[in-house]
Amino acid sequence: MNENVNIVFVLQGLNDSVTNRQIYFAFALMSYLVTILVNLTLILTVCLDKALHQPMYIFMCNLCFTGLCGASSFYMKLLLDLLAGAHLITYTGCLTQVFFTHVYILCQMTSLTVMAYDRYLAICQPLRYWALMTGQKVALLLLLTWCLTLLETAIGIVLIARLSFCSHRMARIFCSNWEVVKLSCSDTTANNFYGIVIIILHTLQMIIILVSYMHLIRSAARSRTDRRKFVQTCSPHLASLLVFSFSVLFDSFYSRYGGSSMAALQNALSAEFLVVPPIVNPIIYGMNLHRIRIRIRLWFTTEKPQRAFSK
C-alpha cells in the first residue's frame with residue numbers, strides 16, 4: 001500500500017481526443033451542467049414541497065443524488081484531463097474515483113430494488129401501505145441502502161489497495177475496479193471472488209424486482225385504478241431500471257471482452273452508465289409524475305399555483 005501511493009496511472013482513453021479537445025470539453029461541460037440542473041431541480045422540488053414528502057419521492061431523490069455523485073466523479077476528472085496535456089491520475093485519485101463510481105452503481109441498484117418494493121406495497125396492498133411504509137421504515141430502508149453500498153464498496157477498495165502493479169497504463173478515460181485489477185501482477189483470486197459475490201447479491205435484487213413486477217402486473221390486469229397507478233408510477237421506475245441495467249451491462253462486457261478496434265468510440269460508450277442514467281432518470285420522473293411536473297412548471301413560470309393545480 002505504501003509503495004502504491006507514489007504510483008501515477010496513465011489514462012490512454014483520451015489519446016485520440018487531442019485534435020478536438022475544445023469540442024469534447026464543451027460537450028462534456030454542457031452535459032455535466034445539464035445533469036446538475038435536472039437532478040438538483042428534482043431534488044429541490046421534492047425537498048421544498050411538504051406535499052411531496054412521501055416515500056416514492058424520497059426514494060426518487062436518493063436515486064438522483066447517487067446519480068449526481070456518480071456523474072461528478074466522472075465529469076470532474078474528465079474535464080480536467082481535456083484541458084491538460086497529459087492524462088494522468090494518482091493512485092489515491094484513482095481509488096477515489098473507483099470508490100464513488102462503485103457507490104453510484106451499487107446504490108442505484110439497491111435504490112431501484114427499494115423503489116420496486118415501495119410500488120408493490122402502494123399498488124398491491126394500498127389499504128396497508130401507510131401502515132407498512134411509515135417514516136421510520138423509509139429511514140430504515142435508506143439507511144440499509146447506504147450501509148450495504150458503503151460496505152460493498154469499502155471491501156472492494158481494500159482488496160484493490162493490497163495489490164501491486166506491473167503496468168501503470170490504463171486503456172480507459174476513467175478508473176474502474178476491473179481496469180485497475182487487470183494491471184496487477186498480484187494474486188487477484190480474492191478480487192474475482194468479491195466480484196462473483198457482488199454479482200450474486202445484485203442478481204438477487206433483480207429477482208426481487210421481477211417478483212414485485214409480476215405482482216404489480218397481475219394487480220394492474222384486474223383493476224383499472226391499479227392499471228392507471230402502474231402506468232403513472234411504475235413506468236418511470238421501469239424505464240430507469242432498463243436504462244441503468246443496460247448501461248452497466250455494456251460497461252461490464254466491454255471491460256472484460258472489449259477489443260482494441262474503434263477505441264475512441266468504445267471508450268465513449270463505456271462511460272454510458274455514468275452519463276446516461278444520471279441525466280435521463282430525473283427527466284423521466286419529471287415528465288411522467290404529474291405532481292412533480294406541476295411543481296417544476298411553477299418554478300419556471302409565473303403561473304399561480306391555484307390555476308396550475310386546477311388543470
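This passage describes the nonpolar cores, a surface patch and the sheet of a predicted model.

The largest nonpolar core holds 52 residues. Within this core, V46, Y57, M60, F74 and I292 have the most contacts. Eight helices are listed as contributors, by name and range: α1 (21-48), α2 (55-83), α3 (91-124), α5 (135-161), α7 (189-222), α8 (224-257), α10 (272-288) and α11 (290-300). Each of them supplies at least two residues of the core. Helix α2 gives the largest share, with 13 residues. The surroundings of I292 were examined without its neighbours within four places in sequence. On that basis, I292 is in contact with L42, V46, L52, Y57, M60, Y285 and G286. A second core is separate and has 18 residues. Among them are I7, V98, A161 and F165. In soluble globular proteins, nonpolar side chains tend to be buried together.

Nonpolar residues also appear on the surface. I196, I200, L204, I207, V211 and M214 form a patch there. Together they have about 550 Å² of accessible area. One of these residues, L204, lies in helix α7. L204 has a relative accessible area of 47%, so this residue counts as partly exposed.

The model also contains an open sheet of three strands. Their order is β2-β1-β3, and the pairing is mixed. The edges are taken by β2 (88-90) and β3 (169-170). Each edge strand has a single partner, so one side of each is left without a neighbour in the sheet. Strand β1 (residues 8-11) runs parallel to β3, and two bridges join them. Opposite M170 in β3 stands L11.

Notes
Residues are numbered from 1 along each chain as its sequence is written. This is a predicted model: local features need pLDDT of at least 70, side-chain atom pairs count only at pLDDT 80 or more; totals for chains, interfaces and linings use all residues. Side-chain values use heavy atoms; hydrogens and water are left out. A nonpolar core is a set of buried Ala, Val, Leu, Ile, Met, Phe, Trp, Tyr and Cys residues joined through side-chain atoms within 4.5 Å. Buried means under 20% relative accessible area, exposed over 50%, partly exposed in between (1.4 Å probe, protein chains only). Helices (H or I, at least four residues) and strands (E, at least two) are DSSP runs, numbered from the N terminus. Contact means heavy atoms within 4.5 Å. Patches are made of residues with over 30% relative accessible area and no salt bridge: like charges are joined within 9 Å, nonpolar side chains (Val, Leu, Ile, Met, Phe, Trp, Tyr) within 5 Å. Accessible areas come from the Shrake-Rupley method with a 1.4 Å probe; for residues, only the protein chains shown count as cover. A salt bridge is a side-chain nitrogen of Lys or Arg within 4 Å of a carboxyl oxygen of Asp or Glu. Two strands pair if DSSP finds at least two bridges between them.
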